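User: I would like a close look at a single part of this model, followed by one connected account of how that part fits with the rest.

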Amino acid sequence: MNIFLHELKSYRKSLLIWSLCLILLIWMGIIEFLSSKGSNSLSELYNNLPPSLKALMGGGDFNVETAIGYYSVLFIYIELIVVIHAALLGVGIISKEEKDKTIEFLLTRPLSRNSVLKSKTLATFVLILILNIVILLASIIIFNTNSDESIISELMKLMVGMLFLQILFGSFGLFIASLRKQAKSSGSIVLGIVLGMFIMSILADLHKSLHFLRHLTPFRYFDAKTLLLESGFKLIYIFICIILTTAFLLLSHYFYNKRDLSL
Amino acid sequence: MNVIEINNLTKYYGKSRGIIDVSFNVEAGEIFGFIGPNGAGKSTTIRTLLGLIKPTSGTAFIFGKNCFTDGKEILKDVGYLPSEVFYYDGMKVIDLLKYSASFYKKDCTKRIYELAEIMDLDLNKKIEELSFGNKKKVGIVQGLLHEPKLIILDEPTSGLDPLMQQKFFELIKQENQKGVTVLLSSHILSEVQKLCNRVAIIKEGRIVKIETIENLRGENYKRIIIETDIDLSLDYFNIDGVNDFTINNHTYSFLYKGDINIIIKKLAMLNIKNITIHEPDLEEIFMHYYEKGEDA
Amino acid sequence: MNIYLHELKQQRKATLIWILSLSILIILLMMMYPTIQQDAESFLKLLENYPEELRLALGMHIESITSVLGFSAFVFSFTMLITTIQAMIMGMSIISKEERDKTADFLLTKPLSRTAIIINKIIASLTIFTITNISIYLVSLISITMFSNTTFDLMFFTEIFIGLLLTQILFFILGLFVSIIMKKVKSPLGVSLGIVFLLYTLSTILVKDTDDIMRYLTLYKYFEPNFIFMNKSLEAPFIILGLILVILLLTFSLIIYNKKDITS
């Protein structure tokens with residue numbers, strides 16, 4: 001419990017900064033949307049773009065004329081940012097002890113490594129959840145004060161999907177940090193993988209031959225298009241997500257218990 | 001000639017104290033000890049001399065050059081061994097030493113191998129594989145390889161085994177005989193006692209005493225312990241120069257500094273069962289300065 | 001010189017990985033060119049039925065995609081996101097890593113001014129950026145000639161890469177500045193990414209056109225490949241503005257760093 005609280009406390013500031021940046025992003029995005037609303041034919045034209053071109057322009061298949069359509073475009077970036085946050089948090093919460101040489105202190109307390117890792121995992125998830133809720137509330141409030149379109153139920157769907165991804169990548173970060181001895185470079189590796197996945201999710205739309213990538217990158221499991229325009233949550237993706245998360249968590253416990261901690 | 005000259009050096013970290021009004025000189029060719037407990041300001045003083053920390057006020061000169069503006073010139077002839085050594089992971093010892101040597105415009109290769117030989121250091125190991133003590137050895141070689149004219153050592157022996165400490169002291173003495181000046185900060189008094197000519201004692205950021213080692217322990221101070229049959233009045237020894245006075249049953253113990261004749265006459269008037277008079281070791285004097293907090 | 005070589009050596013592996021992943025991305029995207037060109041051309045036909053101003057608003061982008069240079073510009077907008085991340089992380093960590101790893105004591109007690117240390121490290125980083133850019137320049141040239149059979153103006157192409165390099169320098173110096181004004185940088189990765197993505201997303205949302213006011217605020221669009229394509233060259237005002245920013249940030253960084261206490 002003390003480790004859990006200690007972690008929450010030490011990440012307080014960082015969480016605040018991430019939240020503020022995201023709120024700023026959402027706010028500016030929505031203001032921009034409201035000010036450019038009205039030129040109907042432009043969005044009609046945009047909606048006629050071939051999917052490959054839309055993908056290149058960062059749009060995806062949304063009607064940018066509606067609030068939720070526009071938010072879906074914005075959501076691509078929000079999701080990327082929170083996933084990076086989750087993954088780096090997962091790596092950092094483990095590897096910082098080695099970087100800052102506090103690992104000796106921590107592991108000579110009367111605690112099993114399992115319980116250390118459990119507290120840290122729990123703290124990671126709580127921080128992730130807080131960020132998720134902050135984004136949800138910020139989006140609702142900013143929309144409601146500036147427009148009379150209500151998109152709360154759609155937003156809720158998007159945020160639940162995002163939470164799945166956050167937890168998945170958070171666990172992935174924990175796993176990589178537990179697996180690897182070189183604390184310094186773990187962050188870069190995780191980041192590389194996250195960005196690779198994200199780029200795959202864009203490439204997937206560029207050409208028919210690349211559509212299969214959609215199944216490989218978690219960024220396409222709960223994207224706005226699937227959740228809002230198509231069938232909603234797909235059971236298979238939820239299933240894959242839960243399996244992967246569980247696997248990462250179990251493996252991180254396994255490796256963390258086994259390894260020699262470097263000083 | 002003074003190699004180091006510090007005048008009224010003061011450093012505050014925000015509101016918290018670093019050092020206050022520190023002044024002392026280190027003469028060419030001497031081994032100068034700088035002693036004090038943890039957090040007294042030893043490292044702050046040294047880091048300020050090296051230009052790592054900027055002072056709040058005061059001046060400091062090394063080789064007659066200003067430490068805060070001519071750091072680059074000064075550092076050419078300074079070797080520094082920090083209390084904790086950290087180097088680049090992924091490098092071999094020899095690569096690190098060569099990298100270090102590359103900053104000085106002379107060929108240090110021969111000296112690197114000599115020093116590694118003396119300190120029994122494996123040059124082909126990776127830095128991150130070394131134990132704390134072995135890293136310290138890398139630090140020693142790294143600090144001496146360019147044959148500096150001034151060596152600054154910040155708690156140098158922590159982590160070294162007694163044999164290595166011995167070798168290290170020999171090395172420092174040899175360097176000193178070649179004319180190298182040494183500033184040695186430590187809280188281990190025996191090593192200061194063994195090596196140094198003069199010491200400065202620092203306490204809570206202020207210098208409380210600058211003295212030669214001989215003066216500190218030999219000429220001025222005597223530890224006098226007497227046993228008597230009867231109770232003495234408490235203020236019997238309440239005279240100038242008596243310090244650290246303790247009574248245990250009929251055993252009276254104190255440090256005395258001053259005219260020996262006065263105290264001998266005082267003692268002669270008593271009926272004494274037993275007496276020992278000896279020179280206190282540095283430890284005792286040190287404790288005396290710290291516990292009493294007296295500006296003697 | 002020794003710090004310069006030491007930095008290059010330390011960054012060797014990371015640089016190689018950056019270059020490799022960028023090359024793969026570029027080759028993949030370039031492979032898409034033939035199909036996308038077809039898509040775009042059919043769309044352009046559709047566009048002819050719309051009024052003039054609309055075509056101007058959207059058409060510019062689409063028309064540019066059909067040409068191989070315009071398409072490359074799109075590809076390099078993606079590339080830019082990645083190279084700026086590289087630059088920002090490097091700027092954030094190049095000085096702060098010495099303090100975090102506690103090697104600052106070693107480096108700063110060598111007979112060198114702090115300014116000389118920073119300059120050496122900057123030149124090393126510039127070398128790395130130049131190597132990265134030249135490598136992906138060559139990869140791009142080769143993949144373009146492989147996947148398209150049209151000829152193109154090498155000059156524009158070169159300018160796009162100069163733009164990429166300039167943007168990298170801008171973000172590198174920004175990272176350096178941020179790392180120096182922050183007292184301790186716990187996670188250079190996190191801070192860099194935060195800043196890069198914030199600026200990137202803002203620039204994507206806010207900057208619609210080459211003469212948008214917001215363009216001055218989001219460093220991203222100073223030398224944006226698409227804009228270079230539209231204007232047919234780099235824009236002098238932004239080069240000057242960028243230069244001023246670099247000089248200002250660098251001067252502040254040097255002043256602050258020279259005054260900084262390096263505590264153990």
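How many residues does the contact take from chain C, and how many from chain B? Please describe that contact closely, and then set it against the chains on either side of it.

Analyst: The structure is a predicted model. The contact in question takes 18 residues from chain C and 19 residues from chain B. On the side of chain C that touches chain B, at least two residues each come from helix H1 (2-31) and helix H5 (104-108) of chain C. H5(C) gives the most to this side, with three residues. By residue class, the side of chain C that touches chain B comprises five nonpolar, seven polar and six charged residues.

This contact belongs to a wider arrangement of chains. Two pairs of chains touch, and the pair with the most contacts is that of chains A and C. Chain A and chain B, by contrast, do not touch; the nearest C-alpha atoms of these two chains are 9 Å apart.

Chain C, which supplies one side of the contact, has ten helices and zero strands. Read along the sequence, its pattern is accordingly α-α-α-α-α-α-α-α-α-α. For 264 residues, a compact globule would have a radius of gyration near 18 Å, and the 20 Å of chain C agrees with this. Along the principal axes, the C-alpha atoms of chain C fill a box of roughly 70 × 40 × 30 Å. Of the 264 residues in chain C, 46% are buried. When contacts in chain C between residues at least 6 apart in sequence are considered, 81% of them join residues at least 24 apart.

Chain A, the other partner of chain C, has twelve helices and zero strands. From the N terminus on, its elements run α-α-α-α-α-α-α-α-α-α-α-α. Chain A has 263 residues, of which 42% count as buried. Among the contacts in chain A with a separation of 6 or more, 75% are between residues 24 or more positions apart.

Chain B, on the opposite side of the contact from chain C, is assigned two domains: domain 1 (2-212) and domain 2 (220-292). The C-alpha centres of domain 1 and domain 2 of chain B lie 38 Å apart. The contact between these domains takes nine residues from domain 1 of chain B and five residues from domain 2 of chain B. Helix H7 (189-195), strand S9 (198-203) and strand S10 (206-212) of chain B each supply at least two residues of the side of domain 1 that touches domain 2. H7(B) gives the most to that side, with three residues. The residues on this side of domain 1 of chain B divide into six nonpolar, one polar and two charged.

Chain B also contains sheets. One is an open sheet of six strands in the order S6-S7-S8-S3-S9-S10 (chain B), with mixed pairing. Strand S6 (78-81) and S10 of chain B stand at its edges, each with a single partner strand, so one side of each has no neighbour in the sheet. Direction ignored, neighbouring strands of this sheet are turned by 15 degrees against each other on average. Within the sheet, strand S3 (residues 31-35) and strand S8 (residues 181-186) of chain B run parallel and are joined by five bridges. Phe32(B) has Leu183(B) as its bridge partner in S8(B). Helix H1 (residues 42-49) of chain B lies across S3, strand S7 (150-154), S8 and S9 of chain B, and runs at about 145 degrees to S7(B).

Another open sheet of chain B has four strands in the order S12-S13-S11-S14 (chain B), with antiparallel pairing. Its edge strands are strand S12 (242-248) and strand S14 (272-278) of chain B, each of which pairs on one side only. The twist from one strand to the next averages 15 degrees. S12(B) and strand S13 (residues 251-257) of chain B pair in the antiparallel sense over five bridges. Val242(B) has Tyr256(B) as its bridge partner in S13(B).

To return to the part requested, the contact draws 18 residues from chain C and 19 residues from chain B, and H5(C) gives the most to the side of chain C.

Key:
Residues numbered from 1 in each chain as written. Chains lettered and ligands numbered in written order. Predicted model: local features only at pLDDT ≥ 70, side-chain atom pairs only at ≥ 80, totals over all residues. Rg over C-alpha atoms; globule rule 2.2 N^0.38 Å. Buried ≥ 20, exposed ≤ 12 C-beta atoms within 10 Å, placed from the backbone. Contact = placed C-beta atoms within 7 Å. Pairing = 2+ DSSP bridges. Axes fitted to C-alpha atoms, helices over the stretch in contact; angles between N-to-C directions. Nonpolar A, V, L, I, M, F, W, Y, C, P; charged D, E, K, R; others polar. Domains from an automatic or database assignment.
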